[in-house]
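Dear colleague,

I am passing on a structure that you have not worked with before, and I would be grateful if you could look it over alongside the notes below.

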Amino acid sequence: MSDIAKYWIEIIHSKVGTGDTAKKATMENFWIAEAVAGGEQVKMTLLDDNYSPTGYAEVVPLAELGKRFTALPANFKPPRKDPDQIKIDQITARAERHLAKNEYNSAEFEFSNALKLNEDNVRANFGLGQTYLGMGETEKAKEVFTKLVSIDEVLSPDNKHIFNEFGMQLRKLGMFDEAAGHYRKALTISTGDENLWFNMGRCLFEGGKPKEAVEALRKALTINGNFAEAKRYILYMKQNMAKN
């Protein structure tokens with residue numbers, strides 16, 4: 001029992017979205033192991049994004065440990081965020097809680113405080129843009145989202161929960177060129193993602209570029225020939241173009 005690894009990773013597979021646009025998602029949780037008296041069980045404590053104990057723990061039978069968790073190498077050292085980044089995360093988390101409750105003034109205040117520490121923080125900028133949308137301040141939201149388009153960190157793995165929604169927000173705001181540019185950047189990282197090609201095609205069509213839109217949607221279908229939503233959208237485009 002004394003030889004048990006200290007740090008473990010749990011990989012959780014799930015689906016995000018529904019129907020034809022559903023995608024597989026992977027989430028990684030990090031845990032720290034501690035021996036339990038008797039040697040037949042292990043106390044596993046969940047770690048937060050800063051690799052600090054969350055306070056949530058489970059007691060797992062030693063025989064079951066390897067079925068759910070994977071041991072990390074003995075030389076693994078948790079990366080540490082600098083103090084400013086930790087503070088930004090804390091402030092942004094408060095802001096997101098206000099936003100979830102439609103407390104827009106408080107959310108704006110907290111997101112703005114986070115951006116004083118790092119004006120290019122993706123999570124805080126995106127939250128501020130959403131806050132302005134909730135307040136009906138569309139032009140302010142557009143200013144924030146325009147800034148985000150130029151920040152490459154939007155496409156980093158740490159922000160994978162943001163960049164899909166970000167592209168859709170740009171399209172809904174009529175920022176079609178910005179949305180297309182965002183998807184082009186994303187496709188340099190993940191060329192084989194049919195959903196990115198689909199979203200690209202949709203924003204191109206709505207932005208008045210039907211020929212380019214058809215090409216994007218055909219690429220989506222080349223990757224996934226059973227992509228029903230892409231087939232329906234091509235049909236919708238043809239019907240719409242026939243009317244005009």
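When the whole structure, which is a predicted model, is searched for cavities of 30 Å³ or more, one is found, and the space in this largest cavity comes to about 30 Å³. Its lining is made up of Phe176, Asp177, Ala180, Cys203, Leu204, Gly207 and Lys209, and by class these divide into four nonpolar residues, one polar residue and two charged residues. Two helices, H7 (176-189) and H8 (194-206), each contribute at least two residues to that lining, with H7 supplying the largest share, namely three residues.

The other finding concerns a pair of packed helices, H2 (residues 83-100) and H3 (residues 104-117), whose axes lie 8 Å apart and make an angle of about 165 degrees. Since angles over 145 degrees count as roughly antiparallel, H2 and H3 are therefore roughly antiparallel to each other, and their crossing is left-handed.

As for the residues that bring these two helices together, H2 takes part through Asp84, Lys87, Ile88, Ile91, Thr92, Arg94, Ala95, Glu96, His98 and Leu99, which meet Tyr104, Ser106, Ala107, Glu110, Phe111, Asn113, Ala114 and Leu117 of H3. Taken by class, the residues of this contact between H2 and H3 comprise nine that are nonpolar, four that are polar and five that are charged.

With best wishes

Definitions and conventions:
Residues are numbered from 1 along each chain as its sequence is written. This is a predicted model: local features need pLDDT of at least 70, side-chain atom pairs count only at pLDDT 80 or more; totals for chains, interfaces and linings use all residues. Side-chain values use heavy atoms; hydrogens and water are left out. On a 1 Å grid over the protein atoms alone, a cavity is a set of points where a 1.4 Å probe fits but cannot get out, and a pocket is an open set with protein on both sides within 12 Å along at least five of seven lines; lining residues have an atom within 4 Å of a point. Grid points are joined across faces, edges and corners, and a volume is the space filled by probe spheres set on the points. Helices (H or I, at least four residues) and strands (E, at least two) are DSSP runs, numbered from the N terminus. Ala, Val, Leu, Ile, Met, Phe, Trp, Tyr, Cys and Pro count as nonpolar, Asp, Glu, Lys and Arg as charged, and the others, Gly among them, as polar. Axes are lines fitted to C-alpha atoms, for helices over the stretch in contact, and angles run from 0 to 180 degrees between N-to-C directions. Angles under 35 degrees count as roughly parallel, over 145 as roughly antiparallel, 65 to 115 as roughly perpendicular and the rest as oblique. A crossing is left-handed if the near helix is turned anticlockwise from the far one by less than a right angle, and right-handed if clockwise. Contact means heavy atoms within 4.5 Å.
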